Amino acid sequence: TRSWQRCLGAGRRPHESIDFDPVSRARLREVKERNRQLVEAARPVMAHLSRTLADTRYFPILTDAQGLVVDVGALPELSQASARRALDLARGGVDLSDHRVGTTAIGAALAEQQPVWLHRGEHFFDLTSVYSCAGAPLFGPQGECVGMLDLTGVNEQERPELIHLAAMSARSIENALVQQHHCALLLHLAWPGYSVGPEAMGLLGLDAQGYVCGTNACARQ
């Protein structure tokens with residue numbers, strides 16, 4: 001609702017035509033270089049998600065904190081020309097933020113900073129109503145939002161359970177970012193009654209003087 005209100009407040013209307021504008025090579029290089037650590041941390045997770053979603057018309061998209069695409073997983077095979085055009089968004093550097101393409105799980109997850117599920121007509125623009133998507137924000141070792149992970153489907157049935165897969169996969173990426181972060185000591189924290197598994201474990205990085213220099217969301221909570 002808040003995303004639709006932002007779109008309407010900006011003077012946009014659902015019936016408007018929108019395009020996923022092509023991105024220059026120079027712009028794409030700049031976006032990829034600025035988000036190199038994020039892409040490296042997410043690479044194993046993106047590969048795993050591509051295998052997990054291989055028999056569906058869903059695929060993973062990684063964006064930066066502004067909603068610019070920095071990496072895309074394996075794309076599904078689509079037969080209809082209109083469906084194939086729906087994959088125009090799956091290109092590096094494309095702007096998928098709220099102000100550019102209206103309400104999507106990408107813009108909503110970045111704005112709300114929590115996992116989001118959107119199905120078909122819940123998207124703002126009529127032209128994006130072919131999509132279903134689950135999105136989860138990504139937070140860096142300093143607690144700042146560094147991007148988001150999205151699982152997008154094209155003309156697919158509603159699968160709201162994918163929000164849990166997106167959130168769990170996002171935690172794996174965040175843990176990889178903490179492990180990339182330079183620290184003298186990395187503590188793995190767990191306690192009785194909390195979820196088990198590597199995604200649920202708290203990571204606390206300390207510098208040589210014992211000051212906290214990096215954490216994941218679980219440790220901050």
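**Exercises on salt bridges and strands in a predicted model**

In this predicted model, the side chains of R6 and D98 meet in a salt bridge, with 2.9 Å from N to O.

**Exercise 1.** Establish which helices the R6 and D98 pair links, and decide whether D98 is buried or exposed.

*Solution.* Begin with position: R6 lies in helix α1 and D98 in helix α5 (residues 98-101), so that the pair, 92 residues apart, links distant parts of the chain. Next consider accessibility: D98 has a relative accessible area of 14% and is therefore buried, because buried means under 20%. R6, at 36% relative accessibility, counts as partly exposed.

**Exercise 2.** Explain why R34 and E30 are separated by about one helical turn, and name the network that includes them.

*Solution.* Start from the contact itself, a salt bridge in which the closest N and O atoms of R34 and E30 are 2.2 Å apart. The two residues stand four residues apart in helix α2 (residues 25-34), which means that about one helical turn separates them. R34 counts as partly exposed at 42% relative accessibility, and E30 counts as partly exposed at 35%. Finally, salt bridges that share partners join R27, E30, R34 and D64 into one network.

**Exercise 3.** Work out the strand order of the open sheet of three strands, and identify its edge strands.

*Solution.* The order is β6-β7-β8, with antiparallel pairing. The edge strands, each of which pairs on one side only, are β6 (185-189) and β8 (212-215). Between β6 and β7 (residues 202-206), the antiparallel pairing runs over five bridges, and H188 stands opposite L203 in β7.

Key. Residues numbered from 1 in each chain as written. Predicted model: local features only at pLDDT ≥ 70, side-chain atom pairs only at ≥ 80, totals over all residues. Heavy atoms only, no water. Pairing = 2+ DSSP bridges. Salt bridge = Lys/Arg side-chain N within 4 Å of Asp/Glu carboxyl O. Buried < 20%, exposed > 50% of the residue type's maximum accessible area, 1.4 Å probe, protein only.
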